[in-house]
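Take a look at the model below. This report walks through its chains, domains and cores.

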Amino acid sequence: MIKTDILIIGAGPTGLFAVFEAGLLRLRCHLIDSLPQAGGQLAEIYPKKPIYDIPGMPEVLAGDLVDGLMKQAAPFKPGFTLGERAESLKKSEDGHFVVTTNKGTVHSAPVVAIAGGLGSFEPRKPPLGNIADFEDKGVAYMVKDPEDYRDKRVVIAGGGDSALDWAIYLADVASEVTLVHRREGFRAAVDSVEKARALDKEGKIRLLTSAQVTGLSGNGRLQSVLINHKKKGGIELETDFFIPLFGLIPKLGPIADWGLDIKDNAIRVDTFDYSTNVPGIYAIGDINTYPGKLKLILCGFHEATLMCQSAFRRINPDKKVSFKYTTVSGIEGF
Amino acid sequence: MESIKIKAIDRDGVGHTIEAPVDMNLNLMEALKGSGLDVKATCGGMALCSTCHVYILTEHKLPEPTEDEEDMLDSAFLVEDNSRLGCQLRIEPDMDGLAVQLAPDGD
C-alpha cells in the first residue's frame with residue numbers, strides 16, 4: 001500500500017503545484033493519473049501550444065510549463081501512479097482514505113485532493129445507436145492484445161496515428177484489415193501514411209477514404225459495419241471486429257460515485273479552503289466549481305495553495321501553520 | 001453593443017435563437033456555450049477536441065477551414081461537407097441569421 005499525506009488525483013498543473021505548496025508545509029504527496037505521463041491536458045492535448053496568462057511568464061509552451069512544475073515539485077519527491085485511473089474511495093478504520101486504481105494499486109492518505117481537470121481521459125465512443133450492444137462482442141475502443149485479432153477480419157476507423165499504426169501492425173496479424181477514414185488526407189505521421197498507402201497497394205490492407213462508418217449490425221455479435229462512402233454510397237462490410245480510434249476525451253468517471261456534491265460535472269467546494277462536502281477531500285483546479293469559478297491554470301495554483309494550508313491543519317490539528325515566504329526560508333526538500 | 005442573431009438546433013432537435021455580440025472577439029463555440037447550449041468545448045477553443053462540431057445549415061460565406069481544423073474534424077463523428085468546429089469561427093457581423101445544428105456527440 002502506498003501511504004502519503006496528501007493523495008492527489010490528477011497530475012496536471014494544479015496537482016503538480018500542490019506538491020510544491022504541500023512540500024513547503026512538510027507534507028508529502030503522491031499523484032495518481034490515468035495518463036502515462038504527468039502534465040494532464042497540457043501534456044496530452046496541447047504540449048506545443050503557447051500559454052499567455054501565467055503571471056510573470058509572457059509566453060510559455062504548455063509542455064515547458066509542465067517541465068517547470070515538475071522541476072519545482074522535485075525537491076519534495078512526489079510519488080506517481082501513472083497510467084492508472086483512481087477507481088474507488090473508501091474510508092479505513094483509522095479515518096484515512098483508501099483509493100484503489102483500476103489496476104489494483106492501493107493508496108492511503110488522511111487527505112485526498114482531487115485535481116482531476118475534466119476527468120480521466122478515455123477513448124471516444126462513436127455515436128452509433130447500438131454500439132454498446134457490441135462492446136466486447138466485436139467492438140473495441142483500443143487494441144489490448146493484437147493476438148485477439150489473429151486471422152480475423154478487422155475494420156478500423158479514424159485518421160490519426162493510432163488508427164494508422166494499428167492498421168499497419170495488424171496487416172500481418174489479421175486476415176483482413178480495412179481502415180475507414182472520412183477524407184483523403186491523414187493527420188498522422190508522414191511515415192505511417194506512406195507505409196499504409198504502400199500496404200494498400202500491395203493489397204495487405206484496404207484504405208477506404210472519404211468514407212465513414214454509420215452503423216453496425218449483428219446478431220449478439222458484430223457481423224458487419226455499414227459504411228457511407230462519398231462516391232459509392234452505402235456499403236455493408238462483413239467483419240469480426242470494429243475498432244474506432246477517435247482519440248481520447250476526458251470524463252469524470254468513477255469520481256462521480258464518491259459521494260461528492262457534483263453540479264454539471266464539477267465538484268462543489270467551499271472557497272475558504274476548496275474543501276468538498278466530504279471532510280478531508282478537497283477539489284482544486286478545473287474539476288471544482290463555486291460562484292465565480294474560472295477554469296484557469298493560475299486559479300488552480302491559488303486553490304492548491306489554500307487547500308494545502310487547510311490540509312495541514314487537518315493532518316496536524318495540534319500544530320500551528322507557520323507561514324513562510326520562500327524568499328526568506330528558501331526551499332528545503334525531503 | 002452590436003450583436004447578431006444565430007439559430008442553433010440542439011441535439012434534441014429543438015431550435016434556439018441566440019444573440020452574439022460582434023465586438024467581443026467571440027467564436028461560435030463560445031457564443032453557443034454561453035447561451036447554455038450543450039457544447040463541451042473540452043480544449044477551450046484550440047481546435048484540439050472537436051466537441052464543438054456543428055453543421056452549418058445556411059449558405060453564409062464562412063472562412064475556409066484551416067488544416068488544423070480539418071485534422072481535428074477527423075476525431076469528430078459523422079462529419080459532413082457542412083461540418084465545422086464552432087471554436088474556429090469568429091463571430092462577425094455578416095454571420096447574422098446563421099443557422100447551425102450541434103453534431104451528435106460521442107459518448
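Which domains does the domain assignment of chain A give? There are two entries: domain 1 covers 2-122 + 249-329, and domain 2 covers 125-246. Keep in mind that this is a predicted model. The C-alpha centres of the two domains of chain A lie 38 Å apart.

**Overall build**

Chain A holds seven helices and 23 strands. Its C-alpha atoms fill a box of roughly 75 × 45 × 35 Å, taken along the principal axes. Of its 334 residues, 42% count as buried. Look also at contacts in chain A with a separation of 6 or more: residues 24 or more positions apart account for 60% of them.

**Helix 1**

Helix 1 of chain A spans residues 13-24. Its twelve residues reach 17 Å from the first C-alpha to the last, close to the 16 Å expected at 1.5 Å a residue. How many of the residues of helix 1 are buried? The count is twelve of twelve. Among them are A:Phe17, A:Phe20 and A:Leu24, and also A:Glu21. Just after this helix, A:Arg26 takes a positive phi of about 65°.

**Two cores**

In soluble globular proteins, nonpolar side chains tend to be buried together. The largest nonpolar core here has 69 residues. Those with the most contacts inside it are A:Val154, A:Ile156, A:Ala167 and A:Leu179. Helix 4 of chain A, residues 161-170, gives the most to this core, with five residues. Where does the core lie with respect to the two domains? Domain 1 and domain 2 of chain A both give residues to it, so it lies between them.

Apart from that core lies another, of 53 residues. A:Ala22, A:Leu24, A:Ala109 and A:Ile287 are among its members. A:Leu24 is also one of the buried residues of helix 1.

Now zoom in on A:Leu179. Leaving out residues up to four places away in sequence, A:Leu179 touches A:Ile156, A:Ala163, A:Ala167, A:Ala196, A:Ile205, A:Leu207 and A:Leu208.

**A covered strand**

Strand 18 of chain A runs over residues 241-244, and both of its faces are covered. A:Phe241 and A:Ile243 are buried on one side. A:Phe242 and A:Pro244 are buried on the other. Which strand pairs with strand 18? Strand 12 of chain A, residues 153-157, does, in the parallel sense and over four bridges. One bridge joins A:Ala157 to A:Pro244 of strand 18.

**Positive phi in loops**

Most residues other than glycine have a negative phi. The table shows two residues of chain A that have a positive value.

| Residue | Phi | Loop between | Exposure |
|---|---|---|---|
| A:Ser210 | about 55° | strand 14 (206-208) and strand 15 (211-219) | partly exposed |
| A:Asp264 | near 50° | strand 20 (262-263) and strand 21 (266-268) | exposed |

Why does A:Ser210 count as partly exposed? It has 14 C-beta neighbours inside 10 Å, and partly exposed means a count between the limits of 12 or fewer for exposed and 20 or more for buried. A:Asp264 has 6 other C-beta atoms within 10 Å, so it is exposed.

**Where the chains meet**

How many residues of chain A are in contact with chain B? There are 18, and they meet 15 residues of chain B. On the chain A side, the residues divide into eight nonpolar, five polar and five charged.

Conventions: Residues are numbered from 1 along each chain as its sequence is written. Chains are lettered from A and ligands numbered from 1 in the order in which they are written. This is a predicted model: local features need pLDDT of at least 70, side-chain atom pairs count only at pLDDT 80 or more; totals for chains, interfaces and linings use all residues. Two residues are in contact if their C-beta atoms, placed from the backbone, lie within 7 Å. Ala, Val, Leu, Ile, Met, Phe, Trp, Tyr, Cys and Pro count as nonpolar, Asp, Glu, Lys and Arg as charged, and the others, Gly among them, as polar. Helices (H or I, at least four residues) and strands (E, at least two) are DSSP runs, numbered from the N terminus. Two strands pair if DSSP finds at least two bridges between them. Domain bounds come from an automatic or database domain assignment. The expected span of a helix is 1.5 Å times one less than its number of residues. A nonpolar core is a set of buried Ala, Val, Leu, Ile, Met, Phe, Trp, Tyr and Cys residues joined through C-beta atoms within 7 Å.
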